[in-house]
Amino acid sequence: MSSKAAAIFQSLRRRIVAVAILTGLAVMAGAGSTMPDGRPTPTGLEVPRWISLKSSHVRARQGPGLDYPILWEYRAAGLPVQVIAETSEWRKICDPDGAVAWIHRTVSSGRRYVFNTTAEEIPIRSGRSETASVRARLSPRALIALDECEEGWCKVRARRMEGWTPQRAVFGTQERALCNANRPAGTGRD
């Protein structure tokens with residue numbers, strides 16, 4: 001082998017080793033992202049996680065595919081739903097009523113919102129304290145954009161108004177799975 005061929009071979013070998021190392025790091029980085037049954041998630045993202053509906057016409061299906069029957073249609077853009085399982089194209093979700101359904105990935109967004117599931121108004125305060133002044137009130141069955149949650153409080157915003165609400169008071173911030181991923185689509189809370 002000529003010295004030029006040997007140099008090209010060595011350079012190629014170094015690149016292959018570098019790619020193998022980077023691939024191994026990428027696989028290890030996503031290793032913590034598993035579904036409830038222990039399989040890795042196709043997206044590499046955590047399950048459960050929160051997403052929102054992109055439009056006011058989202059079809060909920062019985063299974064992950066267009067050949068499955070439509071169960072109902074969501075009519076609330078921004079509605080927070082929790083991903084409890086997934087395929088590469090479909091998300092199995094838990095909605096605010098505790099129902100399970102499948103939606104296509106293209107009708108969901110990573111933008112975060114929270115939802116008032118109660119029949120009472122939720123105060124939105126100027127700071128992270130029950131004694132902070134009330135800036136606004138979140139009406140029953142209303143949505144508001146979520147910025148962040150810290151120390152049991154969530155920073156929310158609507159247009160130019162920003163404020164804080166207790167994390168426990170709104171739907172769309174819980175860290176644990178709210179619905180059993182093994183439950184068939186179309187069923188309510190177990």
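**Exercise 1. Residues in the loops**

In which loop does Glu151 lie? Find that loop, then work out whether Glu151 is buried or exposed, and do the same for Arg159.

*Solution.* Keep in mind that this is a predicted model.

- Step 1: Look between β11 and β12 (153-158), since the loop joining these two strands holds Glu151.
- Step 2: Check the backbone. Glu151 is not a glycine, yet its phi is positive, about 50°.
- Step 3: Check the surface. Exposed means over 50% relative accessible area. Glu151 has 68%, so Glu151 is exposed.
- Step 4: Move on to the loop between β12 and β13 (161-166), where Arg159 is found. Arg159, also not a glycine, has a positive phi of about 55°.
- Step 5: Apply the cut-off again. Arg159 has a relative accessibility of 87% and therefore counts as exposed.

**Exercise 2. The overall plan**

List the kinds of elements in the protein chain and give their order from the N terminus.

*Solution.*

- Step 1: Count the elements. The protein chain has one helix and 13 strands.
- Step 2: Put them in order. The helix comes at the start of the series, and the strands follow it.
- Step 3: See how the chain is brought together. Take the contacts between residues at least 6 apart in sequence: 53% of them join residues at least 24 apart.
- Step 4: Add the burial. The protein chain has 190 residues, and 37% of them count as buried.

**Exercise 3. Two prolines before β1**

Both Pro48 and Pro36 sit in the loop between α1 and β1. What can you say about the peptide bond from Val47 to Pro48, and which residues is Pro36 in contact with, leaving aside its neighbours within four places in sequence?

*Solution.*

- Step 1: Place the loop. α1 covers residues 3-29, and Pro48 is in the loop between α1 and β1.
- Step 2: Read the peptide bond. From Val47 to Pro48 the bond is cis, with omega near 5°.
- Step 3: Turn to Pro36. With a relative accessible area of 57%, Pro36 is exposed.
- Step 4: Find its partners. Beyond its neighbours within four places in sequence, Pro36 is in contact with Val47, Ile84 and Ala181.
- Step 5: Compare sequence and space. Pro36 and Ala177 are 141 residues apart in sequence, while their C-alpha atoms are 9.4 Å apart.

**Exercise 4. The disulfides**

How many disulfides are there, and which parts does the link of Cys94 and Cys179 tie together?

*Solution.*

- Step 1: Count the links. There are two disulfides.
- Step 2: Take the link of Cys94 to Cys179, with an S to S distance of 2.0 Å. Cys94 lies in strand β5 (residues 90-94) and Cys179 in the segment after β13, so the link ties together parts that are 85 residues apart in sequence.
- Step 3: Describe that link. It is right-handed, with 45° about the S-S bond, and both Cys94 and Cys179 are buried.
- Step 4: Take the link of Cys149 and Cys154, whose sulfur atoms are 2.0 Å apart. This link is right-handed, with 100° about the S-S bond.
- Step 5: Check the burial of this pair. Cys149 has 31% relative accessibility and so counts as partly exposed, whereas Cys154, at 0%, is buried.
- Step 6: Write the pattern. With the bonded cysteines numbered in sequence order, the pairing is 1-4, 2-3.

**Exercise 5. The cores**

Which residues have the most contacts inside the largest nonpolar core?

*Solution.*

- Step 1: Start with the general idea. In soluble globular proteins, nonpolar side chains tend to be buried together.
- Step 2: Find the centre of contacts. The largest nonpolar core has 26 residues, and Leu53, Tyr74 and Ile103 have the most contacts inside it.
- Step 3: Name the suppliers. β1, β2 (58-61), β4 (80-86), β5 and β6 (100-104) each give at least two residues to this core.
- Step 4: Follow Leu53. Apart from neighbours within four places in sequence, its contacts include Val58, Tyr74, Val81, Ile103 and Val107.
- Step 5: Look for another core. A second, separate core has 11 residues, among them Leu138, Ile144, Met161 and Val170.

**Exercise 6. The largest pocket**

Which element gives the most residues to the lining of the largest pocket?

*Solution.*

- Step 1: Take its volume, about 160 Å³.
- Step 2: Go through the lining. It has 13 residues, and Trp50, Arg112, Gln167, Thr173 and Glu175 lie nearest the centre of the pocket.
- Step 3: Pick out the elements. β1 (49-53) and β11 (143-150) are those that give two or more residues to the lining, and β11 gives the most, with four residues.
- Step 4: Sort the lining by type. Four residues are nonpolar, four polar and five charged.

How values were computed. Residues numbered from 1 in each chain as written. Predicted model: local features only at pLDDT ≥ 70, side-chain atom pairs only at ≥ 80, totals over all residues. Heavy atoms only, no water. 1 Å grid on protein atoms, 1.4 Å probe; cavity = no way out; pocket = protein on both sides within 12 Å on 5 of 7 lines; lining within 4 Å. Points joined across faces, edges and corners; volume = space filled by probe spheres on them. Nonpolar A, V, L, I, M, F, W, Y, C, P; charged D, E, K, R; others polar. Buried < 20%, exposed > 50% of the residue type's maximum accessible area, 1.4 Å probe, protein only. Disulfide = S-S within 2.5 Å. Core = buried A, V, L, I, M, F, W, Y, C linked by side-chain atoms within 4.5 Å. Contact = heavy atoms within 4.5 Å.
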